Every structure is written in C-alpha cells, then in structure tokens.
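Reader: I am new to this structure. Please take me through one part of it closely, the place where a strand meets its partner across two chains.

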Protein chains: 2
Amino acid sequence: MDTKKVIQERRSVHSFDPNKKVTDAQFKQLFDLVKLSPSGYNLQPWEFIVVRDAANKERLKAVSYNQPHIADASAAVIVLGNKLASAHAVDNFDDWARKGYFDQGTADNLKKQMKDWDQRDETTKRVWTTRSTALAAMTLMIAAQDMGLATCPMEGFEADKVKKEFGIPEHYEVVMLIAIGYEAKSPLPRVWRRGYEEMVHREKF
Amino acid sequence: MDTKKVIQERRSVHSFDPNKKVTDAQFKQLFDLVKLSPSGYNLQPWEFIVVRDAANKERLKAVSYNQPHIADASAAVIVLGNKLASAHAVDNFDDWARKGYFDQGTADNLKKQMKDWDQRDETTKRVWTTRSTALAAMTLMIAAQDMGLATCPMEGFEADKVKKEFGIPEHYEVVMLIAIGYEAKSPLPRVWRRGYEEMVHREKF
C-alpha cells in the first residue's frame, strides 16, 4: 500500500477482534521488514517476545495495569532492547570489513570499543538501547498497518514484573509493548497533533 | 510508493550530493507525516531543528566527530525530545475529552499527573522522551525515502555542545541527528541483519 496512506491511516487501536488471529507467516513477513531498521553502529539491539497464548497474555496484562487490549489483541509483542553494545559486535563489524566499509583492523578496534561500552553507566545504556529499539518498533507499526493489521504501542507496564514473568535477563530494557491484531470497530476521531510550525525550528532552537 | 519497497530500499546514506537541496515544501510535507507518529499518552515530545545554512552545518559537524555527511547533506535535522511530560498535556487531554475518549475530570487528573511526571528522576525522563521521539524519527526516515530523499541517522555527537551551539534548553534530550538530502552515489552492499529466529522469541524469552 502507498506509504503516505499507511502513515496517515495508522492509528493506535484499543479495540481488537479477539477471534481474528495473526498467522506465523504474517509474523515472519512483518519481522523481515522490522529487521531492516537502522540502529546505532548497526548493532540491532532489538529483540521481541510474541505472546499469543491466552494465559500468557493475561499474565502480561496483569503487570501492565490491566489494559484490556493486551488480552483482546491476537498478540502482545514485548519489545526489548539489549543494553550490551557488544552483543552482536563481532558478526556486525566483521561483515562491514568484508563488504569494504573499512579494514579488519578498524573492525577489531570497534569490537573492543563495544566491550568498553558494555561498562558504561546504566542510564547511558538504557537511553542507547531505547533509541535504536524504538526505531524498529515504529517500523513494526508501519509495516503492520501496510499488512492490514492494527497495532497499539504501550508504555504502561511494570518493567521489573514483566521481566520476571517472561524470563527476561537483567541486561534487557523493556522498551514498550505493542498489541497487534485486527481492529474490532472504528476508533473515535484522531486525536490532536502539534503543528508543523510548533515542532520545527529553523537553524537554531 | 509501496510501503514494503520503501522499507526494503531505505539505507543509511553517507554520501550526499551537496548541490541538491530539499525544499521548504518538501520539509512541510515530511513533517506533516512525522507528526502522525504515536507517542506515550499522545504527548508528542518531539521537536526538530532543521539546519540548512552551510556555516551552521559546519558548527554541528564540529560537535559531531566531524562526520562529513552533516555538511554534505542538504540539511541536518537535530531530533530533540522534551523531557517535560506536561509540556503539551493541556492541549492534548482536553482534546481527548472533547472527542469522547474520557470525561473532563479524567483529563484534569491526567494533566495533574503529567506535572508530577515532570519531577521524575532524570534517567526516567530521558528514557521516556527517547522512546516516543525515536518513533517519530523512524517515521521521518521512512517518509523521506518515500519522497525520494536519502537519510542517515547518527548517534555520534557531543550532546552538551550541540545544546550550547544551537540554544537548546536544558530540558530537551538530543535524541539523534538525521542527515537528509539526495544520494550522491550508490552505497556499498547492505550490511548484515540479524535473522527472524534470532530476534523473535515465542511466549517467553
């Protein structure tokens, strides 16, 4: 579908049809687009837990302020960001060297640098992984809309409890949740957006 | 253009034609799509400085590890996130109440709650604004690609110096920079991406 139309028609949907399911093939197609998102140094810190089982969605809902669309949607996707910059550094930088972006010495230095980045303070690591992971989350919502699916991003959850319930290691940030499925009924009118002149500055703040 | 094709063809471009400029009308069209991005509570913390003047691009480049595409691109966009959740709370929640999402009492309570959120710790505020602002940044890159423009997101900059050079108030986070313009030459082959099985978990981590 046309990109402008997809961006214009995407809404955060709160009312899902509990009987219409997203298939394995649709998830594969979706994440094969999501993975093409850019990220800092192409380190792709994103990871996703697709929760489709009814009991598991209820467990997630219980640690997410009981938002009903978590249970009603076909799936709730837990969007995770790895806080360790080194996690995929070897595969990534060796690939860059192989493809002629830089030489192997530079690749090896970058691999070492990412090990140092693993030791940065917690705030830096959380902001770092949230930045790139949210890029992938937006691609997910746009690609889903293009596929005729509805989504709803959520930041209302108890991160520690989500991590405990779903066995998520300490070094991951729970960046957001995204409900995904089929819309049950048309939403209310689109809410207000800030205008161009208000959000765009020229040359300086 | 077709959304899948746009997502598949978008690349982070490092080589811009310094003579081809993005027009005012293009920026207006671009940001009118960007503003439709979702955000936590629809608070739209994003703000953008479009830097097109050659001397200003050089100043930005100097505080961004001298990345050459900042100067070569038609513009460098400084992507900012407001750390104050209350900034647009009144306009936003009153609009929700008017449109029937909830009653005015709920709107008033949420406005108060956002004032409390302004007092959250710095880490929470930085992660919060980065999350929603990065969603808008991804919409910007996808919409630009659809318009025939090339982009390059950057996280390599000295945030304090960027803020000082461009008069950015303390309560904004510099989330990323995005170079935007026209591609000068075809890039090297696309770099590696993690596969579906590696990045997607089922039901639990």
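Author: Start with one pair of residues in this predicted model. A:V200 has B:F48 as its bridge partner in β1(B). That pair belongs to a wider match: β5(A) and β1(B) run parallel and share three bridges. In general, strands of a sheet pair through backbone hydrogen bonds, in a parallel or an antiparallel sense.

Now widen the view to the sheet. It is open, has five strands and follows the order β5(A)-β1(B)-β2(B)-β4(B)-β3(B). Its pairing is mixed. The edges are β5 of chain A, residues 200-202, and β3 of chain B, residues 150-154. Each edge strand pairs on one side only. On average, neighbouring strands are turned by 25° against each other, direction ignored.

Move inward to β2 and β4 of chain B. Strand β2(B) spans residues 75-82, and β4(B) spans 172-181. They run antiparallel and are joined by eight bridges. One of the bridge pairs sets B:A75 against B:I180 in β4(B).

A helix lies across this sheet's chain B strands. Helix α7(B), residues 122-146, crosses β1, β2, β3 and β4 of chain B. It runs at about 10° to β4(B).

The same helix takes part in the contact between the chains. Chain B gives 70 residues to that contact, and chain A gives 69. On the chain B side, α7(B) supplies the largest share, 14 residues. Other elements there giving two or more residues include β1, β4 and β5 of chain B. By type, the chain B side holds 36 nonpolar, 16 polar and 18 charged residues.

Notes
Residues are numbered from 1 along each chain as its sequence is written. Chains are lettered from A and ligands numbered from 1 in the order in which they are written. This is a predicted model: local features need pLDDT of at least 70, side-chain atom pairs count only at pLDDT 80 or more; totals for chains, interfaces and linings use all residues. Two strands pair if DSSP finds at least two bridges between them. Helices (H or I, at least four residues) and strands (E, at least two) are DSSP runs, numbered from the N terminus. Axes are lines fitted to C-alpha atoms, for helices over the stretch in contact, and angles run from 0 to 180 degrees between N-to-C directions. Two residues are in contact if their C-beta atoms, placed from the backbone, lie within 7 Å. Ala, Val, Leu, Ile, Met, Phe, Trp, Tyr, Cys and Pro count as nonpolar, Asp, Glu, Lys and Arg as charged, and the others, Gly among them, as polar.
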